[in-house]
Amino acid sequence: MSTASTQRDTVSTHDGTLQITQQPVQVAKRLEKFKTTIFTQMSMLAIKHGAINLGQGFPNFDGPDFVKEAAIQAIKDGKNQYARGYGVPDFNNALAARFKKDTGLVIDPEKEVTVTSGCTEAIAATMLGLINPGDEVILFAPFYDSYEATLSMAGAKIKCITLRPPDFAVPIDELKSAILKNTRAILINTPHNPTGKMFTSEELNTIASLCIENDVLVFMDEVYDKLAFEMDHISMASLPGMYERTVTMNSLGKTFSLTGWKIGWAIAPPHLTWGVRQAHSFLTFATSTPMQWAATVALRAPDSYFEELKRDYMAKKAILVQGLKDVGFKVFPSSGTYFVVVDHTPFGLENDIAFCEYLIKEVGVVAIPTSVFYLNPEDGKNLVRFTFCKDEETLRSAVERMKEKLKKK
Amino acid sequence: MEEKLSSVAKTFTPSPIQELSHLAQRCNAINLAEGFPDFPAPPCIKQAAVSAINNDFNQYRHVQGICDQLALKMNKMHGLNIDPLTDIAICCGQTEAFAAAVFSIIDKGDEVLLFDPCYETYEGCIAMAGGIPVYVPLDPPRWTLDPEKLMSSFTSRTKAVVLNSPHNPTGKVFSREELEVIAECCRRWDCVAITDEVYEYITFDDQKHETIASLPGMQERTIITSSLSKTFSITGWRIGWAIAPASAASAIRNIHVKITDSAPAPFQEAALTALSSPTKYFEMLRIEYQLKRDFCMKLLNSVGFRIQFKPQGSFFLFAELPKDCLLSDVEYVKELIRQAGVVVVPGRGFFHGKSGSDQPSDESFRHQKRYIRVAFCKTEARLCAAAQKFGELMNARGSPKLYC
């Protein structure tokens, strides 16, 4: 089949023949800088070198049987067609019940809950539904990499406040001069990926009063709320005066070790939910039906499930953190999530990316370079992120490899 | 705090299709409105999903096998050479593939041509990306493409044309001649074609679905989007894809990762089983839907409709209200729910008002309120029940009593 094109560049090659090149489809300007994510790159490198993957944040163990069985039952029961766009009613109800249990807030599942394909989509829908081009949005660096991308898709102006080691505390003075009358929204992830920091009551209250004073929206990414180890998780929405200006986002994936199911949600007052739902309807239209039914079952899990989850993760964390310290990393305290951030400079590599490449090729372990989580990559060059959402044997093996092959300079 | 909504979100209204579904539910009406089957998905595909869940395929993943199979299919069906490693992005349904495709190539101010009537979601996507939708009307009663209308819609700002074939709501399958007209315009104006081919396997009467990408000079400027949903009756699983030249596919993949990160993992596994279904499956799909189409046409003809355009594909029938029916589409639909307990979709939601550079009178746009869309992706039992309900509308003289 001939593919003659009227759009041609003809180039003379060195042997005199004409080579016809074809113009590729042009990619939108705003997105040219978004390449394959660092996670994919590192995972591919890991496979190539047979490295133990403590990089990408998904478990190498599976979710609980009772949730998987619920999904299977839903498939068999024929729940395989489009769900209502903003969520299967039973699931919305279960989400409202869970939100009440966790925060004390009573919400309307029909008007204040939107189900999305993972928290990632909740974030995208919130940005695209509530942010106008030119709006100013405040982010805390380091940040999960989809925030910058979706804000860019919404045409927002990003103002960044950097959290710094050792405790990644919010710099209050910087915050006060950042949140102004023309600030549209602030995005907060707590417990925080990648540092494991949990925003304290004092920090959240300070942010809250600044937001009320300046009429600023708050977007909360709380996917790790059930992995809060060193202190209680606080939902911004539960603070006085905050529910009416907050979008609270979460998902099933981390809590139930089913990261591939893509069940997430956004909870917000009706006037904000409206925008989220509009964007959501054009992004994915509806969320996977059988998984929503299973998620309904999951959310009604007894307290013992969540207690055991925490215990398991704390044991894993202990193995990794002690191991990293023994190896010679400077380990920063992580209060929540299944991540821990360390300073790699004792090992003499130039920056985080060089260190991670070395770690994969020479030691056989994967970590994530944190510079990708900053607007200014320089801010992250001394830090790398490890995850402990792996079974204990894997964690021990990784620690052993590092003890054996990673030497301080 | 309504002022907090983005300007784009403020212009959006709730889906008329979904609202009518709620009314229908309240009245316990037979739903011939929403475009999803009421019959089960194929057992072996459901089983594949069940196995995937049991075998722990539940974390983030990208199933490359889907791309391999799609590449084979594209080659077999359309003669296209697709590189499965670089030219395909797996997404959460065709909806997400389309959204990512739009975000990948549309900059603020870019114009995007759409054929009218059309599926309601495209416009919202384009608007979100800062694009400007421009409608090219298809001419009733057979929804033909007028090359003049198409050509006069292109400007220096036109970036893309959206092509949905087989077509929702009309059931039209764009002919080769029409595809060539569109292709010629795309080549001449250096535009991209973004296709929605979700009904690609549902065509009737020896009509074959052709992708515009197979026309000369088009593969390098076409983004194909499609999904498993309609072909395998699993609209709730959210497995779709975009097929495009490598640079666009890569951008689409990267955007998809930022929007949802990954399509549901167990259903990606099940997709492998679905896509390797034997030829017989696709033949039966066509045969069964064709029977349903014919049944529906007969049903409507028996209550006074004179259907001038027989659907060539998709599972929709777009029927003009009988000449002597004085009701508008919305009025008819409401009466149908109340009097017959059957729900269909008023056609006006698929039309987008006056378009083109002409100054048309209201007369030429009256047809926009005279159509109903009937979905026949329903069991025989349901269609028969609907037929019975319609039958009860006839009064003693044999005239439909709905509107006399």
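Colleague: What do the side chains of A:Lys68 and A:Asp62 do together?

Modeller: They meet in a salt bridge, with N to O at 2.7 Å. A salt bridge here is a side-chain nitrogen of Lys or Arg within 4 Å of a carboxyl oxygen of Asp or Glu. This is a predicted model, where local features need pLDDT of at least 70 and side-chain atom pairs count only at pLDDT 80 or more, while totals for chains, interfaces and linings use all residues. Side-chain values use heavy atoms without hydrogens or water, residues are numbered from 1 along each chain as its sequence is written, and chains are lettered from A and ligands numbered from 1 in the order in which they are written.

Colleague: Are A:Lys68 and A:Asp62 buried or exposed?

Modeller: Both A:Lys68 and A:Asp62 are buried. Buried means under 20% relative accessible area, exposed over 50%, and partly exposed in between (1.4 Å probe, protein chains only).

Colleague: Nice. How many salt bridges are there over all chains?

Modeller: The count comes to 35. One of them joins B:Asp38 and B:Arg382 at 2.9 Å, N to O. That pair links distant parts of the chain, 344 residues apart: B:Asp38 is in the loop between β1 (30-31) and α3 (43-54) of chain B, and B:Arg382 is in helix α13 (residues 380-391) of chain B. Helices (H or I, at least four residues) and strands (E, at least two) are DSSP runs, numbered from the N terminus.

Colleague: And why does B:Asp38 count as partly exposed?

Modeller: Because its relative accessibility is 26%. B:Arg382 is partly exposed too, with a relative accessible area of 38%.

Colleague: Switching topic, which side chain of opposite charge is nearest to A:Arg385?

Modeller: That is A:Asp145, 8.0 Å away, and A:Arg385 is buried yet has no salt bridge. For charges, Lys and Arg count as positive and Asp and Glu as negative, with His and the chain ends not counted.

Colleague: So what does the A:Arg385 side chain make a polar contact with?

Modeller: The side chain of A:Asn193, at 2.8 Å. A polar contact is a pair of N or O atoms within 3.5 Å; within protein, one must be able to donate a hydrogen and the other to accept it, and residues adjacent in sequence count only if both atoms are side-chain atoms. A polar atom of the A:Arg385 side chain also lies 2.9 Å from the backbone oxygen of A:Gly55.

Colleague: Last one: where is A:Lys409 found?

Modeller: In the segment after α13 (392-405) of chain A. A:Lys409 counts as exposed because its relative accessibility is 73%.
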